[in-house]
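Trainee: Please take me closely through one part of this structure, the strands at its centre of interest and the residues beside them. I should like each term explained as it arises.

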Amino acid sequence: MKTVLYLALLLASLFLSSCNNEPTLQKYFVESSEKKGFIELDVSPSIINIDKTKLTAEQKTALGSLDKMNILAFNLDKKNKAQYDVESQKVTQILKNEKYQELMKVGSGKDAASVSFVGDENHINEFILFAKKKENGFAVVRILGNDMNPNNILNMISLLQSSNIDMEQLKPLQALIK
């Protein structure tokens, strides 16, 4: 009986210690998607509307490594400036976690953007673009995939530029762009 009780306590302690209350972008997306001022959007790889028979092997690999994109945008207006400051700071703090490795940062203060990733240089599971503009608000884009690498991302950008983008998937973001 003592062995069973000991085993149950051990399993319970392992389960409770594995629960991580550390903030992550995924948790932030879930918590924020229903808040006023936010626009949340999931975009599938089908947004890249291109003839796949004309793709190079590298482009096919890049496209195959992409699972989806999650976009969370905060639309700034005259009434929610304080909320904008709080929410922008939350994202900044989350991205300071060592899990998120910063690749690049441009601008500073009110207008800025950063690119980070999760994983290692040759096996990236997530690219993160965080951009904010003092007149419009901010957006966080999570590009999720399997074993992506920087070359895949460059190939995907090239594909985006040469494809007929399915704008219907991006329709909810039109208010933010105005």
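Mentor: A residue counts as buried under 20% relative accessible area and as exposed over 50%, with partly exposed in between (1.4 Å probe, protein chains only). This is a predicted model, in which local features need pLDDT of at least 70 and side-chain atom pairs pLDDT 80 or more, while totals for chains, interfaces and linings use all residues. Residues are numbered from 1 along each chain as its sequence is written, and side-chain values use heavy atoms, leaving out hydrogens and water.

The protein has six helices and eight strands; these are DSSP runs numbered from the N terminus, helices being H or I of at least four residues and strands E of at least two. In order from the N terminus, the elements read α-α-β-β-α-β-α-β-β-β-β-α-β-α. Of the 178 residues in the protein, 37% are buried. Contact is a matter of heavy atoms within 4.5 Å. Among the contacts with a separation of 6 or more, 62% are between residues 24 or more positions apart.

The part to look at closely is strand β7, which spans residues 137–148. Nine of its twelve residues are buried, so β7 is largely enclosed by the rest of the structure. Strands are said to pair if DSSP finds at least two bridges between them. β7 pairs with β6 in the antiparallel sense over nine bridges, and β3 (residues 66–75) is likewise joined to β7 by nine bridges, running antiparallel. Leu144 of β7 appears in two pairings: Glu126 has it as bridge partner, and Lys68 has it as bridge partner too. Ile143 of β7 stands opposite Phe127. Between β6 and β7 there are three residues, and the two strands form a hairpin.

Going from β6 to its other partner, one meets β5 (residues 111–120), which is joined to β6 (residues 123–133) by nine bridges in an antiparallel arrangement. Here too there is a hairpin, with two residues between β5 and β6. Within that pairing, Gly119 is matched with Ile124 of β6.

Two buried residues show what lies beside these strands. The first to consider is Ser65, found in helix α3 (residues 57–65). Ser65 has a relative accessible area of 5% and is therefore buried. Beyond its neighbours within four places in sequence, Ser65 is in contact with Leu144, Gly145, Asn146, Met148, Asn152 and Met156. Leu144, already met as the bridge partner of Glu126, is thus one of the residues that Ser65 is in contact with. The side chain of Ser65 also has polar partners. A polar contact is a pair of N or O atoms within 3.5 Å; within protein, one must be able to donate a hydrogen and the other to accept it, and residues adjacent in sequence count only if both atoms are side-chain atoms. One such contact, of 3.2 Å, joins the side chains of Ser65 and Asn152. In addition, a polar atom of the Ser65 side chain lies 2.8 Å from the backbone oxygen of Ala62.

The other residue is Tyr100, placed in the loop between α4 (81–95) and β4 (101–108). Tyr100 counts as buried because its relative accessibility is 5%. Setting aside its neighbours within four places in sequence, Tyr100 is in contact with Thr24, Leu25, Ile94, Leu95, Ser116, Phe117, Val118 and Ile128. From Tyr100 to Phe127 the C-alpha distance is 9.1 Å, although the two are 27 residues apart in sequence. Phe127 is the residue that stands opposite Ile143 in β7, which leads back to the strand where this account began.

Charged pairs complete the picture. A salt bridge is a side-chain nitrogen of Lys or Arg within 4 Å of a carboxyl oxygen of Asp or Glu, and the whole structure contains five. Lys133 and Glu135 form one of them, with the closest N and O atoms 3.6 Å apart. Lys133 is partly exposed at 41% relative accessible area, and Glu135 is partly exposed at 47%. In helix α4, Lys81 and Asp85 lie four residues apart, about one turn of the helix, and form a salt bridge with closest N and O atoms 2.9 Å apart. Lys90 and Glu87, three residues apart in α4, form another at 3.7 Å. Glu87 is buried, with 4% relative accessibility, whereas Lys90 is partly exposed at 35%. Lys35 joins Glu87 and Lys90 in a network of salt bridges.
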